[in-house]
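Let's take a walk through this structure together, one piece at a time. Keep the picture open as you read.

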Amino acid sequence: MKNNNISLLTEIAIMSALSLILGMIKFAGPWPQGGSVSLEMVPIFLMAFRRGFKAGVFTGLAVGLLQLLVNPYVVHPAQLVLDYPLAFALAGVAGAFAPSLAQNKSKRTILMVTGIFVGCLLRTISHVLSGVIFFSDLAEEMNIWLYSFMYNGSFMIVIFVITSLVVILLTNTAPKLLHAARSGYTRAA
């Protein structure tokens with residue numbers, strides 16, 4: 001039991017560090033206030049599907065805290081919580097849709113894409129709420145809810161598509177990498 005906990009914590013730390021590194025490789029888009037696209041969500045979803053709900057949430061929380069340490073943009077303590085630890089922890093909720101290795105490829109794909117969608121949607125909601133509360137001056141004359149949703153949703157949809165493609169590729173080419181840890185295996189595939 002003790003070795004399994006150490007293994008889990010080690011995986012969370014490694015995936016969190018990988019997420020931080022992937023988050024530094026950004027693809028800028030048309031977003032004037034900074035939004036960008038990266039692969040930083042992939043390790044969170046990998047942990048969520050590999051180890052389940054709790055591991056996904058804890059990995060997301062760790063990623064959010066690391067992002068806060070490395071690249072913070074803070075205007076208020078509540079915004080800090082909404083945009084960093086909460087937003088990324090909510091992405092880990094995808095682990096509730098973790099498929100098993102015994103399921104066929106199409107069932108695994110549907111479950112994981114659904115999980116990624118839910119994780120990205122929850123992260124978007126957290127960012128939208130932050131935008132409505134703390135960045136309303138950027139909306140000018142537009143409805144702040146619509147502005148915040150359009151702004152945050154515009155880059156999260158791209159992240160959803162890219163992340164889904166990467167995870168689908170991984171589940172089809174190396175399924176034990178994503179599913180073996182929850183199936184009773186104690187070592188990585």
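## A guided walk

Let's begin at S38: setting aside neighbours within four places in sequence, this serine is in contact with L22, G23, I25, K26 and I159. Keep in mind that what you're looking at is a predicted model. You'll find S38 in the loop between strand 2 (36–37) and helix 2. Is S38 buried or exposed? Its relative accessibility is 5%, so S38 counts as buried. The side chain of S38 also reaches the backbone nitrogen of E40, at 3.3 Å.

Two of the residues that S38 touches, L22 and G23, bring us to helix 1, where both are on the list of buried residues. Helix 1 covers residues 2–24, which makes 23 residues. From first C-alpha to last it reaches 33 Å, close to the 33 Å expected at 1.5 Å a residue. The buried residues of helix 1 are E11, I12, M15, S16, S19, L20, L22 and G23. As you look at that list, here is a handy rule: an α-helix has 3.6 residues a turn, so residues three or four places apart point the same way. And what covers the buried residues of helix 1? Helix 2 and helix 3 (53–70) are included in that cover.

Now look at a part of helix 1 that is not tucked away. M24 lies in helix 1, and with a relative accessible area of 53% it is exposed. M24 also belongs to a nonpolar surface patch of about 650 Å², made by I21, M24, I25, F27, L69 and V70. Helix 1 and helix 3 are the elements that give two or more residues to this patch. You've met I25 already, as one of the contacts of S38.

Next stop, helix 2, which runs over residues 41–51. How many of its residues are buried? The count is 11 of the 11, so helix 2 is largely enclosed by the rest of the structure. Going along helix 2, the buried residues are M41, V42, P43, I44, F45, L46, M47, A48, F49, R50 and R51. Quite a few elements share the job of covering them: among them are helix 1, helix 3, helix 5 (85–91), helix 6 (105–134), helix 7 (144–173) and helix 8 (175–179). Just after helix 2 comes G52, which takes a positive phi of about 100°.

To see one of those covering helices at work, go to T163, found in helix 7. T163 has 0% relative accessibility, so it counts as buried. Which residues does T163 touch, if we leave aside its neighbours within four places in sequence? They are M41, V42, F45 and I116. M41, V42 and F45 are among the buried residues of helix 2. Along the chain, T163 and M41 are 122 residues apart, yet their C-alpha atoms are separated by 6.9 Å.

Let's turn to the charged side chains. The model has 3 salt bridges. One is formed by R50 and E11, with the closest N and O atoms 2.7 Å apart. R50 lies in helix 2 and E11 in helix 1, so this pair ties together parts that are 39 residues apart in sequence. Both R50 and E11 are buried.

E11 has another partner: the side chains of E11 and R51 meet in a salt bridge, at 2.6 Å from N to O. This pair also links distant parts of the chain, with E11 in helix 1 and R51 in helix 2, 40 residues apart. E11 has a relative accessible area of 16%, so it is buried, and R51, at 18%, counts as buried as well. Taken together, E11, R50 and R51 are linked in a network of salt bridges. The side chain of R51 makes a polar contact with the side chain of S7 too, at 3.2 Å.

The remaining salt bridge brings us back towards where we began. The side chains of E40 and R123 meet at 3.6 Å, N to O. E40 lies in the loop between strand 2 and helix 2 while R123 lies in helix 6, so the pair ties together parts that are 83 residues apart in sequence. E40 is buried, and so is R123. And E40 is the residue whose backbone nitrogen the side chain of S38 reaches, which closes our loop.

Notes
Residues numbered from 1 in each chain as written. Predicted model: local features only at pLDDT ≥ 70, side-chain atom pairs only at ≥ 80, totals over all residues. Heavy atoms only, no water. Helix = DSSP H or I, 4+ residues; strand = E, 2+ residues; numbered from the N terminus. Buried < 20%, exposed > 50% of the residue type's maximum accessible area, 1.4 Å probe, protein only. Polar contact = N/O pair within 3.5 Å; in protein donor to acceptor, adjacent residues only side chain to side chain. Expected span 1.5 Å × (residues − 1). Contact = heavy atoms within 4.5 Å. Patch = residues over 30% accessible without salt bridge, like charges linked within 9 Å, V, L, I, M, F, W, Y side chains within 5 Å. Areas by Shrake-Rupley, 256 points an atom, 1.4 Å probe, with all protein chains shown as cover. Salt bridge = Lys/Arg side-chain N within 4 Å of Asp/Glu carboxyl O.
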